[in-house]
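Hi,

Here is the structure I said I would pass on. Have a look at it first, and my notes on what turned up follow below.

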Amino acid sequence: MSYEPPRPAGRLLLTPEDREAPARARRLRRLGLGAQPEPALDAFADRLAEVAGAPYAMVNFLDEERQFFAGLHTPQGGRAARGGKPEVGRRLPRDYGYCPHVVVRRKALVLEDVGDYPRFAGNPVVDEYGIRSYLGAPLIDTSGMVLGTVCVADLTPRPWGKAGLETIKSTAAELAGHLQRREIDGFPAP
């Protein structure tokens, strides 16, 4: 499998170069993560959506070419509940969304209104899925590797605030701890 860095669009690099992607992909395979949905991670995403009051919540693992939502919560009620937009599936290309930025930055990202940021406003998730706000934090294991993200998104701009930022960061740290125990003890994630 080869990895081609993203191409710049004008002066902005829309999807950040991820030099750790090959090593992350190997680590995810060793952990048995990022290849199939996991009911425990779906339940984790359901709880996160409830706590954040967001229609979307994800546990996202990234490799060289794609993102995989091993944990996923989406709005109930069909297209009407999603503003007429299609449902987000388990897989997205690496250049969709904001999780690749969180992984490369290695820190949380708060976008209360993606339209306020030219770099993020043109992302395909805005037009295709109607995403207008995002809040995500990296899943960093004890080796220091970013495995993926925990994130929430909404179809309308919203003020996540300091409380939202603290929630997403603590939730990511909690899940990273569970994933670490999974590796040590061989138990499934929460």
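Cys151 is buried, with a relative accessible area of just 1%. Keep in mind as you read on that this is a predicted model. The cysteine sulfur closest to that of Cys151 belongs to Cys99, at 3.6 Å. Cys99 is buried as well, at 3% relative accessibility.

So why don't Cys99 and Cys151 form a bond? A disulfide is a covalent bond between the sulfur atoms of two cysteines. To count as one here, the two sulfurs have to be within 2.5 Å. The sulfurs of Cys99 and Cys151 are 3.6 Å apart, which is too far for a bond. By that rule the count for the model is 0 disulfides.

Now for the overall layout. The chain has 7 helices and 6 strands. Starting at the N terminus, the order of the elements is α-α-β-β-α-β-α-β-α-α-β-β-α. Of the 190 residues, 49% are buried. If you take the contacts with a separation of 6 or more, 65% of them are between residues 24 or more positions apart. The chain exposes about 9,200 Å², and carbon and sulfur atoms supply 52% of that area.

Next, the inside. How many residues does the largest nonpolar core have? It has 29, and those with the most contacts inside it are Phe61, Leu139, Val150, Val152 and Leu175. Several elements each supply at least two residues of this core: helix 1 (21–31), helix 2 (39–52), strand 1 (56–62), strand 2 (66–73), strand 5 (133–140), strand 6 and helix 7 (161–185). Helix 2 gives the largest share, with 6 residues. There is also a second, separate core of 25 residues, and Met58, Tyr129, Tyr134 and Val146 are included in it.

Val150 is a good residue to click on if you want to see the larger core from within. Val150 sits in strand 6, which covers residues 146–154, and its relative accessibility is 0%, so it counts as buried. Leaving aside neighbours within four places in sequence, its contacts include Phe44, Leu48 and Met58. Further along the chain, Val150 is also in contact with Leu135, Gly136, Ala137 and Leu139, and then with Ile168, Thr171, Ala172 and Leu175. One of these partners, Leu139, is 11 residues from Val150 in sequence, and their C-alpha atoms are 6.8 Å apart in space.

Two aspartates are worth a look too. Is Asp42 buried or exposed? With 17% relative accessibility, Asp42 counts as buried, since the cut-off for buried is under 20%. Asp42 lies in helix 2, and its side chain reaches the backbone nitrogen of Leu72 at 2.8 Å. Apart from neighbours within four places in sequence, Asp42 is in contact with Ala70, Gly71, Leu72 and Arg90.

The other one is Asp154, in strand 6. Asp154 is also buried, at 11% relative accessibility. Which side chain does the side chain of Asp154 make a polar contact with? The partner is Arg158, at 3.1 Å. Not counting residues up to four places away in sequence, Asp154 touches Pro55, Gly130, Ile131, Arg132 and Ser133.

Finally, a couple of loop residues. Glu65 is in the loop between strand 1 and strand 2, and at 47% relative accessibility it counts as partly exposed. Glu65 and Arg94 are 29 residues apart along the chain, yet 5.6 Å separates their C-alpha atoms.

Arg106 is in another loop, the one between helix 4 (99–105) and strand 4 (109–111). Arg106 is partly exposed, with a relative accessible area of 34%. What caught my eye is the backbone: most residues other than glycine have a negative phi. Arg106 is not a glycine, and its phi is positive, at about 65 degrees.

That's what I have for now. Happy to go through any of it with you.

Cheers

Notes
Residues numbered from 1 in each chain as written. Predicted model: local features only at pLDDT ≥ 70, side-chain atom pairs only at ≥ 80, totals over all residues. Heavy atoms only, no water. Buried < 20%, exposed > 50% of the residue type's maximum accessible area, 1.4 Å probe, protein only. Helix = DSSP H or I, 4+ residues; strand = E, 2+ residues; numbered from the N terminus. Contact = heavy atoms within 4.5 Å. Core = buried A, V, L, I, M, F, W, Y, C linked by side-chain atoms within 4.5 Å. Polar contact = N/O pair within 3.5 Å; in protein donor to acceptor, adjacent residues only side chain to side chain. Areas by Shrake-Rupley, 256 points an atom, 1.4 Å probe, with all protein chains shown as cover.
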